[in-house]
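I opened this model to look up its cavities, its disulfide bonding and the surroundings of one helix. My entries follow in that order.

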Amino acid sequence: MRTLLAALALTVTSALLAQSNQQFQPDPPSRQVQTRDSSVAPDPDLLKEINQIKAIDNHSHPPALDGPNGEKDEDFDALPCDPLEPTAAGLMFREDNPVYIKAWKAMFGYKYDDATPEHVKALVAAKEQVKQREGENYPNWVLDQLGIESELANRIAMGRGLKAPRFRWVPFEDTLLFPLNNSSLAAQSPDRKIFFGREELLFARYLNQLNLTGVPPTLPEYTAKIITPLLELQRTDGAVAVKFEAAYLRSLDFAPAKEGDAARVYARYVKGGVPGNADYKMLQDYLFRYIAGEAGRLGMAVHLHTGGGCGGYFAMEGSNPLLLDSVFNDPTLRKTNFVMLHGGAGGFEGLVAYLLMKPNVYADFSEQTWMTAPRHIASSIRFMLEFYPEKVLFGTDLYPLEPQVNWEETGYQTSAAGRTALAIALTGMMLDGEVTRQQAAAIAHMVMHDNAVRLYGLSELHPK
């Protein structure tokens, strides 16, 4: 097994990598520099090259522009954290992080080295001037400042200013797992009470899109009249993937389930009553695999939140990516591509690289770019790169917050952190004799851009 993993670890599809491999002879062990603590400074030329790559952002939550009457966008997340009981912000994403001042200077001409109230007021005014100047083009302008060619927008629906090919849609599907009475699940924690309330609102919205007023009496009708038509509609409207935030609602342990058993649970409770947790889980497990199969049939990847999440009641044990092992091993789902969002951030990062062995499984390092510092992220990235560099994707998880620290600033922070971390990881691999400088550059382009283009079929993407 060790021999097999070693052989596969640096398998790269690029002809450039193959060519440079033939020319490269690593230093003997006595001369290699061990840099696994990520303490090495990034190679300046490599970092400069990475900073110039027009990236594909695998995961983001960009807000739409305000509506014609000033309506604020609320579709950027199916399960926003704002309504939850407040928890303390981590150091890296507190509003006094100096990186936000750097963002203000780079994007909006901020002239100060502090964030006093009067200076921040001037900043917000300057941002508004740019929005007025750019108009409908403002979201594209933001991506230009971040060096992002295109980003996958994880949203309930796309909105004003978020147009393809710069923004590619990734809708939410968790609500489809819960067609029965959810009162027992909602009672599990204060967070889930809020989240299941929002999921039921989204379920009603999806039914309205399908011109339905309720769920059908049988499971085969539910999948045929609701799930499949909704996925087909989303694909027609431009979706390139679908998203599950399931770890906020239940464990990622989607076990195999027989249709007959799931159908009996559905038929028993569809007209009323509260299903037992074990029975309801079995139905959810079946529905998840049905949705994943249909997504693959339609050419959409399945995105899954892995690792830590917001809220004081978030259940970390249920977000372990290893819980997805039976899904990834399901031979009936091999035509579906799965992406472990966040790379297991929050303690599971070391497990993700091994799961990339599955032929249809990928990972990004979004959220890590927000929650942790580049040197920590670099260790996570490097471990994945030493296994399957063609399976690793850049992602920001940028998110709208306050007027002064909004998606523009979180985008700047996460893009800069991700690029720096990638440079640190690749520099360490260079110094340890694992890759050449030429290979490192090729891998950087794969991670920042080319892997996503292949995965989502975006080869035709040529934004202006």
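For cavities I worked on a 1 Å grid over the protein atoms alone, taking a cavity as a set of points where a 1.4 Å probe fits but cannot get out, with lining residues having an atom within 4 Å of a point; points are joined across faces, edges and corners, and a volume is the space filled by probe spheres set on them. This is a predicted model, in which local features need pLDDT of at least 70 and side-chain atom pairs count only at pLDDT 80 or more, while totals for chains, interfaces and linings use all residues. Residues are numbered from 1 along each chain as its sequence is written, and side-chain values use heavy atoms, with hydrogens and water left out.

I found two cavities of 30 Å³ or more, and the largest holds about 50 Å³ of space. Its lining includes D191, R192, F195 and C310.

C310 also forms a disulfide (cysteine sulfur atoms within 2.5 Å) with C81, the sulfur atoms being 1.7 Å apart. I noted that C81 lies in the loop between β1 (55-60) and α4 and C310 in the loop between β5 (301-305) and α12 (325-328), so the bond ties together parts 229 residues apart in sequence; helices (H or I, at least four residues) and strands (E, at least two) are DSSP runs, numbered from the N terminus.

Turning to helix α6 (residues 138-146), I saw that seven of its nine residues are buried, so the rest of the structure largely encloses this helix; buried means under 20% relative accessible area (1.4 Å probe, protein chains only). W141 and L146 are among them. Just after α6, G147 takes a positive phi of about 70°.

Conventions:
Buried means under 20% relative accessible area, exposed over 50%, partly exposed in between (1.4 Å probe, protein chains only). On a 1 Å grid over the protein atoms alone, a cavity is a set of points where a 1.4 Å probe fits but cannot get out, and a pocket is an open set with protein on both sides within 12 Å along at least five of seven lines; lining residues have an atom within 4 Å of a point.
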